[in-house]
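Visitor: I'm new to this structure and would like a close look at one part of it. Could you pick a single strand and walk me outward from there?

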Amino acid sequence: MSYELDTVCIHGKGKRKDVENTGSISFPIYQTAAYAHPEVGRSTGYDYTRLQNPTREEVERIMADLEHGVDALAFSTGMAAINALMELFSPGDHIISTDDLYGGTIRQFNFINEKNGLTFTYLDTSDLEAIEAAIGENTKAIYIETPTNPMMQVTDIQAVSEIAKKHSCLLFVDNTFLTPYYQNPLDLGADVVIHSATKYLEGHNDTLGGFLITNQDSIAERLRFVIKTTGAGLAPFDSWLILRGIKTLSVRMEKHQQNAFLIADWLEKQDKVKGVYYAGLPGHKGLAISKKQSRGYGGMISFHVDSKETAEKILKNVKLIYFAESLGGTESLITYPLTQTHAEVPEEIRKAKGIDETLLRMSVGIENPEDIIADLDQAINK
Ligand SMILES: Cc1ncc(COP(=O)(O)O)c(C=O)c1O
């Protein structure tokens, strides 16, 4: 039997692993560090939780099914996942990356991976000619976010994958913003999909996690070696929380998106708002590509206001919406990328992208949209 996407969020594509026989509907939390062996030379298949844990394996099964991969690896955070991914490379290797990227990822590339001998070129990956021109003999991968964080630029995943294949490069796509509910990069030619599960997957602003999903056994095998050796695997209880979060991914994403359309529309009509960036807006530059490669646009909006004073007033005066730096949860959050998520992005990149003192980013929650708008209205206009 093949299941629809909202069913896969709850059950995966097939049956869960038969590790216990109580009939428990909720998958048990195997809160154990080690497993007893029946005798010398025999194992239950479980030795030590850094290597194997049934609860972690269950959330990995669901994620592999949702992203159409052969394997999914669950990490303690999104950054731990990205760090493990970089272990696929050696000193001297070069990676091309989207310039409008989550600030923590840029910090890792510039301060950890460069120190270890990798080099990075940042460019606008919606510009295919610029990508092709930047590829050199030692270029091993292209790393993209689409839509980007925070400016919501859209990159054509399939077109970039064709360039990557032509030059024997790997293609990595951070799919945190749209989730597998709205976009499946592996189907479009990506080799590995990355998630901060801290965001929409878990969905309740209360747990950290990350995933790497691939559709190639050889990459999965190398990543399994990295996770087992470096030990950044997701803990059993957090695996269970993310497993539970994903069960409601479909209804949450629909509601995040419904609300985001209403709020983007309202923001566009405000005198003090000078530019609204939401991938689903009719005037968005990447709309035709989004329609081709995604099933939706998600719940993230960025906007410029008329002055630094207005930005600060909004952040001080919001009452229902929290001034905080994450995204993807039930609660609406508003972020100041300049001093929060993108504080460590080099100034020239920030300026070129418009990440300045008048830019705000909003993760639209699933509260009643009229309440969110009323809160924005009193914060912006009163
Ligand atoms: C797009 C994106 N990727 C990766 C990360 C890193 O994830 P984590 O905070 O779970 O380490 C974030 C965090 O904000 C993010 O927004």
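**A close look at strand 5**

Guide: Happy to. Let's start with strand 5, residues 170-174: five of its five residues are buried, so the strand is largely enclosed by the rest of the structure. Keep in mind as we go that this is a predicted model.

How is that burial arranged on the two faces? On one side sit L170, F172 and D174, on the other L171 and V173, and they are all buried, which leaves both faces of strand 5 covered. That back-and-forth pattern fits a general habit: in a regular strand, side chains alternate between the two faces of the sheet.

Now look sideways, at the neighbours. On one hand there is strand 4, residues 139-145, which pairs with strand 5 in the parallel sense over five bridges. If you want a spot to anchor your eye, find I144, which stands opposite V173 in strand 5. To get from strand 4 to strand 5, the chain passes through helix 6 (residues 157-166), and this β-α-β crossover is right-handed.

Strand 5 also pairs with strand 6, residues 192-196; these two run parallel and are joined by three bridges. V173 turns up again here, with V193 as its bridge partner in strand 6. As for what holds such neighbours together, strands of a sheet pair through backbone hydrogen bonds, either parallel or antiparallel.

Step back a little and you'll see the whole sheet. Seven strands make it up, in the order 1-7-6-5-4-2-3; the sheet is open and its pairing is mixed. At the edges are strand 1 (71-75) and strand 3 (119-123), each with a single partner strand, so one side of each is left without a neighbour in the sheet. From one strand to the next, the twist averages 20 degrees.

While we're around strand 4, trace the loop that runs from there to helix 6. P147 has its place in that loop, and the peptide bond leading into P147 from T146 is cis, with omega near -5 degrees. P150 lies in the loop between strand 4 and helix 6 as well. The bond from N149 to P150 is again cis, with omega near 10 degrees. These are worth pausing on, because most peptide bonds are trans, just as most residues other than glycine have a negative phi.

That second habit has its exceptions here too. T179, in helix 7 (residues 179-182), has a positive phi of about 65 degrees although it is not a glycine. Is T179 buried or exposed? It has 28 C-beta neighbours inside 10 Å, so T179 counts as buried. N205 is another non-glycine with a positive phi, this time about 55 degrees. You'll find N205 in the loop between strand 6 and strand 7. N205 has 18 other C-beta atoms within 10 Å, so this residue is partly exposed.

For context, there is another sheet further along the chain. Five strands form it, in the order 8-9-12-11-10, and it is open with mixed pairing. Strand 8 (273-277) and strand 10 (322-323) are at its edges; each has a single partner strand, so one side of each lacks a neighbour in the sheet. Inside this sheet, strand 11 (residues 333-335) and strand 12 (residues 359-363) run antiparallel, joined by three bridges. T335 stands opposite R361 in strand 12. Helix 12, residues 308-317, packs on this sheet and touches strand 9, strand 10, strand 11 and strand 12, with its direction at about 135 degrees to that of strand 9. Helix 10 (residues 249-268) lies across strand 8 and strand 9 (300-305), running at about 155 degrees to strand 8.

Finally, the whole protein. The secondary structure comes to 14 helices and 12 strands, and buried residues make up 48% of the 382 residues. A compact globule with 382 residues would have a radius of gyration near 21 Å, and the protein has 21 Å, which agrees. Along its principal axes the C-alpha trace spans about 75 × 50 × 35 Å.

How confident is the predictor? The average pLDDT is 97, and 100% of the residues score at least 70. Among the elements, strand 7 (residues 210-214) has the highest mean, 99, while helix 13 (residues 347-353) has the lowest, 87.

Key
Residues numbered from 1 in each chain as written. Predicted model: local features only at pLDDT ≥ 70, side-chain atom pairs only at ≥ 80, totals over all residues. Pairing = 2+ DSSP bridges. Helix = DSSP H or I, 4+ residues; strand = E, 2+ residues; numbered from the N terminus. Contact = placed C-beta atoms within 7 Å. Axes fitted to C-alpha atoms, helices over the stretch in contact; angles between N-to-C directions. Buried ≥ 20, exposed ≤ 12 C-beta atoms within 10 Å, placed from the backbone. Right-handed = clockwise from strand over helix to strand, strands pointing away. pLDDT = per-residue confidence, 0-100. Rg over C-alpha atoms; globule rule 2.2 N^0.38 Å.
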